[in-house]
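Got your viewer open? Let's take a walk through this structure together, one selection at a time.

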Amino acid sequence: MDTVRIIEIKESIFADNNAEADRIREALKKEKTFLLNLMSSPGSGKTTLLTRTIEQLKNDLRIGVMEADIDSDVDALTIAKTGVKAIQLHTGGMCHLDAGMTEQGMKELGIDDIDLAILENVGNLVCPAEFDTGAVKNAMILSVPEGHDKPLKYPLIFEVCDVLLINKIDVLPYFDFDMEKVVEYAHMRNPKLEIFPISAKTGEGIEAWTKWLHTQVSEWNG
Amino acid sequence: MHEVGMLVEIAKTAARIAERERVERVKYVELEVGELSGVLPELFEQYYSFVTEDFPALKGSELRIHSVPGEALCSGCNALYNVMKNEGKCPRCESCYKTVLGGKDVMLQQIGY
């Protein structure tokens with residue numbers, strides 16, 4: 001009779017990635033660099049928000065940006081125009097960035113002379129939430145046209161994020177978007193989530209967000 | 001489609017262990033999939049043979065999946081409840097503060113050969 005032998009493993013499939021992410025955070029702490037992982041769905045305004053954020057903070061902090069996309073370098077070119085260091089990462093068809101790819105990106109960017117590194121993750125609300133990139137804090141954007149029910153549909157991303165930016169509040173009058181409900185749903189998923197309603201286009205609410213970010217960077221970099 | 005990316009991670013780990021243990025042909029790979037992991041086990045099953053094409057030791061092997069419920073302990077009243085069934089809210093005191101006790105992970109349990 002055919003006998004089956006067994007090898008017991010009991011290992012999380014994220015174990016390798018999580019260990020690598022922890023190593024990245026240690027290196028960041030040593031180099032006094034804060035890494036922000038920015039996630040959202042496509043078209044929520046990540047690049048526009050970044051441009052605004054850089055404008056507000058570039059006099060106080062040395063900033064570097066890593067743009068991740070499946071292909072193309074249009075975002076990196078837009079960011080480079082703001083005068084900060086920007087590189088483009090290609091995920092080669094993958095829908096998210098993992099710790100290994102982030103580490104490669106940071107090597108290319110060079111973190112020794114950077115206070116705030118921002119990773120613009122691939123536009124997607126599912127996969128990026130599952131892979132720890134080694135970032136110090138996770139941020140996400142939800143834009144008004146996407147609807148206020150997203151925390152119910154994509155719970156994990158709301159759980160892993162420290163801050164939620166509700167973007168495009170300038171178009172609120174044209175959408176059935178319930179601000180109270182979205183806050184309630186998001187806090188149901190994560191009671192500690194910081195929430196900032198903003199418009200990256202008009203600049204409304206941007207200062208409260210950049211102030212929060214600046215405080216986080218100062219606390220981490222000591 | 002994130003199941004494919006995860007399957008690649010699983011296949012890499014299983015192939016690494018097979019190589020370490022000098023196993024040439026794996027018969028099955030057994031996973032534990034948590035209810036809160038965001039994974040659809042059906043998609044794992046659907047793409048498994050496609051992903052393992054690139055891993056000679058795993059080619060033709062079977063994928064076995066056990067589902068693990070997502071349980072949480074309420075920080076407000078210490079009630080134990082199922083997160084999915086109650087939409088993350090304690091059915092007794094309605095608090096959202098909780099410690100998730102299990103069901104978040106995807107674990108590679110064992111390989112048979």
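Here comes a tour of the sheets, the cores and the place where the two chains touch.

First, some ground rules. This is a predicted model, where local features need pLDDT of at least 70 and side-chain atom pairs count only at pLDDT 80 or more, while totals for chains, interfaces and linings use all residues. Residues are numbered from 1 along each chain as its sequence is written, and chains are lettered from A and ligands numbered from 1 in the order in which they are written.

**Stop 1: the sheet of chain A**

Select chain A and look for seven strands in an open sheet, ordered S4-S3-S5-S2-S6-S7-S8, with parallel pairing. (Helices, H or I with at least four residues, and strands, E with at least two, are DSSP runs numbered from the N terminus; two strands pair if DSSP finds at least two bridges between them.) Which strands stand at the edges? They are S4 (85-90) and S8 (194-197) of chain A, each with a single partner strand, so one side of each has no neighbour in the sheet. From one strand to the next, the twist averages 20 degrees.

Now pick out S2 (residues 34-40) and S5 (residues 116-120) of chain A, which run parallel and are joined by five bridges. One pair to click on is A:Leu36 with its bridge partner in S5(A), A:Ile118.

Next, add helix H8 (residues 206-221) of chain A, which packs on the sheet and touches S2, S5, S6 (137-143), S7 (163-167) and S8 of chain A. Here "in contact" means that the C-beta atoms of two residues, placed from the backbone, lie within 7 Å. The direction of H8 makes about 140 degrees with that of S2(A). (Axes are lines fitted to C-alpha atoms, for helices over the stretch in contact, and angles run from 0 to 180 degrees between N-to-C directions.)

**Stop 2: the cores**

A nonpolar core is a set of buried Ala, Val, Leu, Ile, Met, Phe, Trp, Tyr and Cys residues joined through C-beta atoms within 7 Å. Buried means that 20 or more other C-beta atoms lie within 10 Å of a residue's own; 12 or fewer is exposed, and in between is partly exposed.

The largest nonpolar core has 58 residues, and A:Leu36, A:Ala117 and A:Ile118 are among those with the most contacts inside it. S2(A) gives this core its largest share, five residues. A second, separate core has 24 residues, including B:Met6 and B:Phe44.

**Stop 3: the sheet of chain B**

Switch to chain B, where three strands make an open sheet in the order S4-S3-S5, with antiparallel pairing. Zoom in on S3 (residues 71-74) of chain B: B:Ala72 and B:Cys74 point to one face and are buried, while B:Glu71 and B:Leu73 point to the other and are not.

S3(B) pairs with S4 (residues 80-82) of chain B over three bridges, and B:Glu71 stands opposite B:Asn82. Five residues lie between these two strands of the hairpin, and B:Asn78 in the turn has a positive phi of about 65 degrees.

**Stop 4: where the chains touch**

How many residues does each chain bring to the contact? Chain A brings 22 and chain B brings 24. On the chain A side, S1(A) supplies the largest share, seven residues.

Finish by selecting S1(A) together with S6 (residues 106-112) of chain B: five bridges join these antiparallel strands. At one spot to click, A:Ile6 stands opposite B:Gly112.

Definitions and conventions
Pairing = 2+ DSSP bridges.
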